[in-house]
Amino acid sequence: PKWFEEWLWQYALWATQRAGPTVVKLAQWLSSRDDRFPAKFCSRFSVLQDAGWHHSWRETEQALDTGLGSRWRDFLKIEREPIGAGCVAQVYKGSLLKDVAEGGGKSGDIVAIKVVHPHARRRVELDLQLLRSFASLLEALSTTARFCSVVDACDEFAHNLSDQMNMLREAENLDRLATNFRTIPQVSFPRPRPALCSDDVLVEDYIDGIRIREFLQTHQPSPAIRTELAKIGVNAICKMIFHDNFLHGDLHPGNLLVTKDLKICLLDAGIVVELKPSQHEHFVDVLAALMRHDGETAGRLMIDHQYPSDGQQIAAETDFCTTLSSITDKVADEPFFDNIGRYTSRIFDSAVRSRIRLEGYFVSTTVAIRVMEGIANALDKDVKIGDLAMPWIITAPQFARALSSPFDDVIILLGDS
């Protein structure tokens with residue numbers, strides 16, 4: 001009965017939250033992978049995206065003693081009440097009491113201090129060992145688990161979580177993103193203070209803003225402001241993907257702030273997606289095929305061929321490409337980018353049903369596009385994502401190469417968008 005199914009889902013969510021931050025973080029990540037896991041699971045567990053943990057002020061002091069030295073109180077004043085917390089770290093607001101050399105900042109600067117949860121690395125290491133053992137057991141017992149590659153999923157998740165727990169890595173990512181957007185004043189990133197960063201502590205600019213979901217609920221912005229913010233977000237994602245090849249890999253509404261001057265600031269850049277040149281070209285080839293509504297070609301390009309093929313696998317790939325061709329034929333009159341969420345949902349659903357693994361970088365990049373599409377549509381349901389994306393695509397060097405090969409007829413579609 002439906003009430004029992006609902007109870008099971010609620011119990012699964014409760015049990016996941018009780019299991020600790022590593023399991024919650026894994027559930028958050030899995031819920032973003034609807035190319036590999038059922039849509040109902042992804043929808044149910046997506047509510048965990050805002051889950052967080054807290055640790056005590058005493059534990060924060062100990063982390064600061066280790067990361068910044070025991071005399072950090074001489075130059076840094078911190079408000080004891082956290083302003084945010086996640087599965088990996090919690091964040092405080094503070095200010096500099098005096099000038100700090102080597103990029104630390106000047107006296108009076110308002111800063112945010114991000115501190116990794118104590119003992120997090122050891123706990124995560126143990127949790128991941130248990131999770132991987134459980135995943136191996138599942139694959140041994142279940143063909144569905146083998147298709148879902150739950151062991152590979154655990155390994156990929158472990159890599160992402162490791163990046164998120166490395167504050168020096170996040171500082172590097174923030175600095176690079178800020179450099180890439182130095183000529184785009186509508187988009188910003190917190191500037192890290194290199195002299196005040198360590199493995200477990202990140203000191204960065206404090207951004208006076210409000211999370212985008214709360215902004216929509218409490219400020220009731222005008223249609224013009226909503227449209228402008230939607231355009232800023234879409235343009236930012238397109239620039240990261242098509243021009244910079246350096247994409248913020250943890251995009252969700254909780255990581256987007258709207259500032260007082262109505263600009264967008266992106267937080268938490270511990271995870272980034274950077275494709276190899278061949279992967280970047282391959283990704284553009286997939287988009288070109290989808291824009292031409294050539295499902296067969298797009299399907300062949302999307303499939304991850306690192307796994308051995310047998311007769312059953314070849315049949316599954318053929319079934320996936322046939323299904324994808326059917327999808328693209330039915331929407332032949334629709335611009336791809338104006339319906340990318342619906343498109344990719346169908347693609348991922350087809351991959352799950354056909355038991356086909358898709359190229360990981362294609363999934364990571366399209367998930368980011370879909371997240372921004374969702375945010376843009378929440379701001380302005382009439383925003384034309386295709387119109388905004390096309391200038392970035394056609395000026396990307398990889399797209400020029402695609403047009404010089406078998407994709408010349410894409411130019412026809414550019415006029416339609």
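Student: Which residue forms a salt bridge with E274, and how is such a pair recognised?

Tutor: A salt bridge is a side-chain nitrogen of Lys or Arg within 4 Å of a carboxyl oxygen of Asp or Glu. Here E274 pairs with R176, and the closest N and O atoms are 2.8 Å apart. The pair links distant parts of the chain, 98 residues apart: E274 lies in the loop between β11 (272-273) and α11 (277-291), R176 in helix α8 (residues 167-180). Helices (H or I, at least four residues) and strands (E, at least two) are DSSP runs, numbered from the N terminus.

The model is predicted: local features need pLDDT of at least 70 and side-chain atom pairs pLDDT 80 or more, whereas totals for chains, interfaces and linings use all residues. Residues are numbered from 1 along each chain as its sequence is written, and side-chain values use heavy atoms, leaving out hydrogens and water.

Student: Are E274 and R176 buried or exposed?

Tutor: Buried means under 20% relative accessible area, exposed over 50%, and partly exposed in between (1.4 Å probe, protein chains only). E274 is partly exposed because its relative accessibility is 45%; R176, at 35%, is also partly exposed.

Student: Where do R300 and E296 lie?

Tutor: Both lie in helix α12 (residues 295-302), 4 residues apart, about one turn of the helix. Their salt bridge has its closest N and O atoms 3.1 Å apart.

Student: Which residues do salt bridges with shared partners join into one network?

Tutor: That network consists of R58, E61, D65 and R73. Within the network, the side chains of R73 and D65 meet at 3.6 Å, N to O.
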